[in-house]
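Work through these exercises with the structure open beside you. Try each task before you read its solution.

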Amino acid sequence: MERERMEYDVVIVGAGPSGLAAAIRLKQLALAAGTEVSVCIIEKGSEVGAHILSGAVFIPRALDELLPDWRSRGAPLVTPAEEDRFLLLTRQRALRLPTPPQMRNHGNYIISLGNLCRWLARQAEELGVEIYPGFAGAEVLYDGAGRVRGVATGARGIGKDGKPTPQFEPGVELIAKETLFAEGCRGSLTKILEQRFDLRAESGPQSYGIGLKELWEVDAAQHRPGLVIHTVGWPLDPATYGGSFLYHLENRQVAVGFVVGLDYANPFLSPFEEFQRFKTHPAIQPTFVGGKRIAYGARALNEGGYQAIPRLSFPGGLVIGCAAGFLNVAKLKGSHTAMKSGMVAAETVHCRLQGEEAVDYRAALAASWVWPELHETRNIRPGFRHGLWFGLAHAALDTYVLRGRAPWTLRQSADHLHLRKASDARPIAYPKPDGVVTFDRLSSVFVSNTNHDENQPPHLRLREPARAISVNYALYDSPEQRYCPAGVYEIVTDGAGDKPRLQINAVNCVHCKSCDIKDPTQNIDWIVPEGGGGPNYPNM
Ligand SMILES: Cc1cc2nc3c(=O)[nH]c(=O)nc-3n(C[C@H](O)[C@H](O)[C@H](O)COP(=O)(O)OP(=O)(O)OC[C@H]3O[C@@H](n4cnc5c(N)ncnc54)[C@H](O)[C@@H]3O)c2cc1C
Ligand code: SF4
């Protein structure tokens with residue numbers, strides 16, 4: 001069956017803050033110039049927002065520039081950040097540290113980024129942007145000269161065996177003059193483009209963290225709307241980078257999350273169990289007693305910062321938002337930079353569509369506020385490669401004395417290179433969940449509302465299936481069993497406990513992308529499943 005073909009001026013892959021901001025800016029520019037621009041966004045989630053997971057304390061700077069009248073348009077920014085607390089946890093105690101300037105949130109809002117995206121999508125549609133949720137970009141299309149000429153969405157109704165089922169529908173070819181890749185952290189098509197156009201030739205490797213999050217409805221007595229808490233220290237060992245966030249939103253809701261740098265070394269570490277353990281700390285647990293957990297999810301985030309920004313353009317398109325990696329890790333914030341990069345990309349594309357080929361997206365971004373913001377904090381995260389104590393001392397020196405103007409730039413290396421062999425590592429015994437404040441993985445996946453059609457080819461592909469046992473199991477005790485926040489990877493044996501094999505429960509996948517990043521030999525490729533599959537986050 002032939003694929004249907006649709007033509008646009010601009011196709012955008014991903015309806016996160018970067019993709020939506022780009023679409024809105026393109027339409028605004030065309031309106032102001034009295035020209036027409038056709039813009040289409042595809043989104044792999046079942047609806048806009050379904051796959052969005054963030055903290056989120058939101059800096060409204062880019063939104064102020066994009067839609068200055070957002071208040072009167074009813075944007076879902078209703079809880080101003082009122083108070084910041086930065087805590088160092090030991091097993092029993094919580095020591096209050098001075099809040100670093102990057103983590104002061106006066107003027108920011110505590111939001112659900114998913115809900116902001118839903119609202120942005122409505123603004124985009126009012127301007128004439130076509131948005132197609134439930135359609136995953138599965139293939140990059142090139143013309144004869146190797147220029148990107150759009151993307152194709154995945155086919156539906158292909159069975160596990162790779163053969164068409166009676167529900168088969170071919171994908172659609174979306175042809176564009178310019179294609180913007182807004183897939184967020186570790187985008188699957190962006191990964192292909194990075195290789196094809198060697199986009200990382202002049203930048204450092206990207207590094208990542210895994211962020212796990214729960215949304216709670218807490219007891220009224222525990223609720224302090226506007227309170228923002230960040231912690232470092234326990235339960236992580238000082239060699240492992242990470243920490244938590246607790247944001248009190250409106251309607252008795254508290255977003256609680258835990259981030260672990262994916263450069264961790266101990267293969268026995270489980271980011272999920274560390275998160276659960278964190279909630280049992282005497283300074284944290286009372287928030288949740290008498291409350292109810294209403295949602296769970298996980299997502300990787302970029303931690304490479306300024307040093308890891310790749311080449312951003314190639315013939316026929318641009319990379320925007322966290323797909324490129326504009327998150328400011330010192331602030332744990334990337335939505336504002338994602339939106340701004342989308343807006344700058346839209347301005348570049350608008351000029352190109354008018355025939356001004358010479359405009360340079362990277363140069364325009366470097367002239368915007370995104371660049372100095374990332375440059376100033378560039379050394380903070382790499383300082384933690386030497387452990388928590390050095391990292392904190394170095395961050396204080398960099399922030400208060402050098403003010404981001406250190407004459408050096410620290411480097412990072414790829415996360416998957418950091419894993420130690422199981423024989424050289426200390427096993428970690430995690431406590432059992434109590435079902436009240438702490439939970440197991442499967443009941444957590446249940447509240448992420450994750451769903452995939454079971455009869456489809458696996459979207460988690462092993463380049464060499466045998467390596468799952470000969471390398472991962474034999475040398476690292478199969479760390480994917482622990483870093484996957486959804487219990488997708490399981491080692492199963494025969495009745496006698498022999499013949500281990502890796503079972504992949506792909507239906508549970510919450511699309512965090514950690515396996516694509518952390519696998520020690522880069523043997524796992526995450527590709528898009530059938531559009532609409534994956535989590536259905538309500539307001540994460
Ligand atoms: C735990 C955690 C806490 C965070 N806290 C904060 C915070 O407090 N403040 C803040 O500002 N930022 C925070 N961030 C970062 C912020 O969420 C990101 O910077 C922001 O979401 C990036 O926007 P984006 O548009 O680039 O990508 P995303 O928000 O990831 O959106 C990408 C969209 O593209 C879709 N997509 C991906 N691939 C395809 C494909 N092939 N086809 C179709 N659709 C596709 C995805 O489903 C998704 O909807 C946090 C992130 C995490 C993980
Ligand atoms: S399978 Fe991979 S992408 Fe899916 S939830 Fe597990 S680690 Fe994340």
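A residue counts as buried when its relative accessible area is under 20%, and as exposed when that area is over 50%. Keep in mind that the model is predicted.

**Exercise 1. Helix α4**

Task: Find which residues of helix α4 are buried.

Solution:
- Step 1. Locate the helix. α4 covers residues 188-196.
- Step 2. Apply the cut-off. S188, L189, T190, K191, L193 and E194 come out as buried.
- Step 3. Look just past the end of α4. There D198 has a positive phi, about 50°.

**Exercise 2. A small set of strands**

Task: Work out the strand order of the sheet that contains β3, β7 and β4.

Solution:
- Step 1. Recall the rule. Strands in a sheet pair through backbone hydrogen bonds, in a parallel or an antiparallel way.
- Step 2. Read off the order. The open sheet of three strands runs β3-β7-β4, with antiparallel pairing.
- Step 3. Name the edges. β3 (57-58) and β4 (79-80) each have a partner on one side only.
- Step 4. Check one pair. Two bridges link β3 to β7 (residues 109-110), in the antiparallel sense.
- Step 5. Pick out a facing residue. F58 sits opposite Y109 of β7.

**Exercise 3. The surroundings of ligand 1**

Task: Describe what surrounds ligand 1, and find its polar partners.

Solution:
- Step 1. Start with the shell. It has 37 residues, and S18, E43, S54, V57 and C322 come nearest.
- Step 2. Sort the shell by type. There are 20 nonpolar, twelve polar and five charged residues.
- Step 3. Look at S54. One of its polar side-chain atoms is 2.7 Å from an oxygen atom of ligand 1.
- Step 4. Move to G334. A backbone N or O atom of G334 is 3.0 Å from a nitrogen atom of the ligand.
- Step 5. Add S335. An N or O atom of its side chain lies 2.8 Å from an oxygen atom of ligand 1.
- Step 6. Consider the area. Ligand 1 alone exposes 1,000 Å², and the protein buries 97% of that.
- Step 7. List the elements that give two or more residues to the shell. They are α1 (17-33), β2 (39-43), β16 (242-248), β18 (292-302) and α6 (335-353).

**Exercise 4. Helix α6**

Task: Compare the span of α6 with the expected value, then explain why α6 is largely enclosed.

Solution:
- Step 1. Count and span. α6 has 19 residues and reaches 27 Å from first to last C-alpha.
- Step 2. Compare. The span is close to the 27 Å expected at 1.5 Å a residue.
- Step 3. Check burial. In α6, 17 of the 19 residues are buried, so the rest of the structure largely encloses the helix.
- Step 4. Look just after α6. G355 has a positive phi of about 95°.

**Exercise 5. The surroundings of ligand 2**

Task: Find the closest residues to ligand 2 and sort its shell.

Solution:
- Step 1. Count the shell. It holds 13 residues, with C484, C509, C512, K513 and C515 closest.
- Step 2. Sort the shell. Eleven residues are nonpolar, one is polar and one is charged.

**Exercise 6. Two loop residues**

Task: Place S368 and decide whether it is buried or exposed. Then find side-chain partners of R385.

Solution:
- Step 1. Place S368. It lies in the loop between α7 (361-366) and α8 (370-376).
- Step 2. Apply the cut-off. The relative accessibility of S368 is 11%, so S368 counts as buried.
- Step 3. Find its contact. A polar side-chain atom of S368 is 2.6 Å from the backbone oxygen of L365.
- Step 4. Place R385. It is in the loop between α9 (380-383) and α10 (388-401).
- Step 5. Name its partners. The side chain of R385 makes polar contacts with the side chains of D415, at 3.4 Å, and H418, at 3.5 Å.

Key
Residues numbered from 1 in each chain as written. Chains lettered and ligands numbered in written order. Predicted model: local features only at pLDDT ≥ 70, side-chain atom pairs only at ≥ 80, totals over all residues. Heavy atoms only, no water. Pairing = 2+ DSSP bridges. Helix = DSSP H or I, 4+ residues; strand = E, 2+ residues; numbered from the N terminus. Buried < 20%, exposed > 50% of the residue type's maximum accessible area, 1.4 Å probe, protein only. Near = heavy atom within 4 Å. Polar contact = N/O pair within 3.5 Å; in protein donor to acceptor, adjacent residues only side chain to side chain. Areas by Shrake-Rupley, 256 points an atom, 1.4 Å probe, with all protein chains shown as cover. Nonpolar A, V, L, I, M, F, W, Y, C, P; charged D, E, K, R; others polar. Expected span 1.5 Å × (residues − 1).
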